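Student: Could we go through this model together, one question at a time?
Tutor: Yes; here it is.

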Amino acid sequence: MSARPLTPTAALRDAALSTLVAFGLFCALIGLKLTPTDAGMKLTDRPAALAIILGAVFVGRLLMLGWRAWRPAGTPSPRLLAEGVTRAGRYVGPVFLLLALTLPLYSGRYVIDVGILVLTYVMLGWGLNIVVGLAGLLDLGYVAFYAVGAYSYALISTTFHVGFWTALPVAGLLAACWGVMLGFPVLRLRGDYLAIVTLAFGEIIRVVLINWTNFTGGPNGVSDIPRPTLFGLKFTGSGDPDTFAAFFHVPYSVTQRFVFLYYVILGLALLTNWVSLRLRRLPLGRAWEALREDEIACRALGINVTITKLTAFAMGALFGGFAGAFFATRQGFVSPESFTFIESALVLSIVVLGGLGSQLGVALAALVMIGGTELFRDFAEYRMLIFGVALVVMMVLRPRGLVSGRTPSIALGARKQIAAELVAQGRG
Amino acid sequence: MAEPAKLLDVEHLTMRFGGLTAVSDLSFVARAGEITAVIGPNGAGKTTVFNCITGFYRPTSGSLALAHADGRRYALEALPGHRIARHAKVARTFQNIRLFAGMTVLENLMVAQHNVLMPSVANGLLAVFGLGGYRRTERAAVEKATFWLQAIDLLKRADDPAGSLPYGAQRRLEIARAMCTDPVLLCLDEPAAGLNPRESEELSELLRRIRADGCSILLIEHDMGVVMRISDHIVVLDHGKKISDGAPAAVRADPRVIAAYLGEGDEDEEPAPLAAGVG
């Protein structure tokens, strides 16, 4: 915005105009109220409430104009900001890792449970980040792979009576296969069209899960899914020699199982992170990023765009499947209603909010969004409102996410942060 | 002196888009070790020819035969785009620069060596665990990138994002990126567009050097100074048809070429450079 000198009259006129707009918006929304009475609905007017809102808008606009006029000249450039965030990120990352590793030592069962939930979404976010952040393929149906992983584990373990650790890779691979299957039809699609087809794919999986009753149990889902074991040691209070408590001669407590689950998902999430970080520095990951930057140039350089896209879908789906299997074993029960579109939207907003392609950003965003909604549990009815406002404010202030910018995958000298404006967002 | 071997043999190439014939029955030959220029007024179909050669369009009819020095032959009209670059070794640049703007200069050159670095997806996944002899290949790739960065004088900016380079440097980088795929034929779509005279001179020097290193060049260019200075052979297109074909001096004197540039309503654009060349 150009620095135009602000006269008090102009400011007042601007504020009055804003108030007028606010009046148009709110005169019916807030000024009128329908109350049910015995004789039907009664319309009452609330001039006081309307006046308060309009007053707030007027004063708020004046303050905003004042701030714009008086704040010190020279705002920090986005580039500097990005570099600052990255420099801070170098310390924030390890600190958070340390906190995550030691969390069970000083927190109760509730916090650990929330931690498990947050880490599940961190893992989902990191998995989706491969598809959306690196390869630039907008995927609105990521929950499909989460569901495939969860149901794979649920059905394999209850049918063939195999444990979590045996079934986990199978569940992941099955999800990856579905990733490739989704990949094939959408290879030619870009941007909005890709998003819509992936959205439909997510819904198809859910609808199949609901309707294929004799295979998936339909809306009733699959229950009695076995819990994970630590090298064969169960986490139950039965006192048998193959339980954790009896083997280590410690008194049994329910928390042990939660702590174990917590470390399992922490391990899985860190694996996702490690693999994505490794892949980014390898030709495959670089090809994904090149694909996001310019698909046509990729073809001209002899990169097989088909294979590259499919591997991105498969890798993303693999980790989605792992997370799904973990979800199934944690809950002990899966049903189609856990895999609705809102889950895809949530994971995608975690990735977008965190900053496409940024591992740390995604983790922070998952913490804020999942942990945050847990925090606001007491204000149940305002939760989604706060959530929505936070998203809007965030996108206005930092349109490219919490941690924007990109670290080069290879460098001759020192790695310099690349400003987010140069990095393409991908058109699918 | 014996004529150099045929590298690319274009025969009866026709490309139609619906009712529009962009290229009609075009035949010409690009020889190994030569710089062949394709020139013509705007809309003559030059870029369409390029897109056919590099697999971005499938020709309506006609054949594009590429012969490597070792005798292997490729029918470019039937190969998918990425195979043309990978196996037939035809690299290209674009009229509107298509660099990976958010990746560094070095990364751009590394992506170009994708097929050397990653023979298969399985190997690519093995490399996650540091297996498969990946490190050695990567070091060689960085060396090759460094060599080309020196050649285009961008070594100092290797770690800067490609999108932040000045225009002329982006053009040079795109050529270097294409060269990192080890092509036998380099197709350049208006490499001198938007360059100042000094930069055009440097570009000519770079192209001569690439030719001397054994890579043949197919060049679309409007800057007649560059074309006349470095081409061994010129093909002139107008309205999708070939109107002249031969050595620079012969083409320059060809009345049909002069008519195409001067006589058919392209006065605003082309006469000055050609006239300079003719004079």
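Tutor: Domain bounds, as used here, come from an automatic or database domain assignment. This is a predicted model, in which local features need pLDDT of at least 70 and side-chain atom pairs count only at pLDDT 80 or more, while totals for chains, interfaces and linings use all residues. Residues are numbered from 1 along each chain as its sequence is written, and chains are lettered from A and ligands numbered from 1 in the order in which they are written.

Student: How far apart do the C-alpha centres of domain 1 and domain 2 of chain A lie?
Tutor: The assignment places domain 1 of chain A at 8-70 and domain 2 at 89-422. The C-alpha atoms of the chain fill a box of roughly 80 × 70 × 45 Å along the principal axes. Between the C-alpha centres of the two domains, the distance is 43 Å.

Student: Which helix of chain A gives the most residues to the largest nonpolar core?
Tutor: A nonpolar core is a set of buried Ala, Val, Leu, Ile, Met, Phe, Trp, Tyr and Cys residues joined through C-beta atoms within 7 Å; buried means 20 or more other C-beta atoms within 10 Å of the residue's own, with C-beta atoms placed from the backbone. The largest such core has 187 residues, and I265(A) and A366(A) have the most contacts inside it. With 14 residues, the top contributor is helix α13 (residues 305-331) of chain A.

Student: Which residue on helix α13 does I265(A) touch?
Tutor: Contact requires C-beta atoms, placed from the backbone, within 7 Å. Leaving out residues up to four places away in sequence, I265(A) touches I116(A), L119(A), T120(A), M123(A) and F326(A). Helix α13 of chain A spans residues 305-331, and the touched residue in that range is F326(A).

Student: Which strands are the edges of the four-stranded sheet in chain B?
Tutor: Strands are DSSP E runs of at least two residues and helices are H or I runs of at least four, numbered from the N terminus; two strands pair if DSSP finds at least two bridges between them. The open sheet has the order β2-β1-β4-β5 with antiparallel pairing. Pairing on one side only, the edge strands are β2 (20-31) and β5 (73-75) of chain B.

Student: Which helix supplies the largest share of the side of chain B that touches chain A?
Tutor: In this interface, 32 residues of chain B are in contact with 35 residues of chain A. Helices α2 (81-86), α3 (105-112), α4 (114-117) and α5 (121-126) of chain B each supply at least two residues of that side. The largest share, five residues, comes from α3(B).

Conventions:
Buried ≥ 20, exposed ≤ 12 C-beta atoms within 10 Å, placed from the backbone. Contact = placed C-beta atoms within 7 Å.
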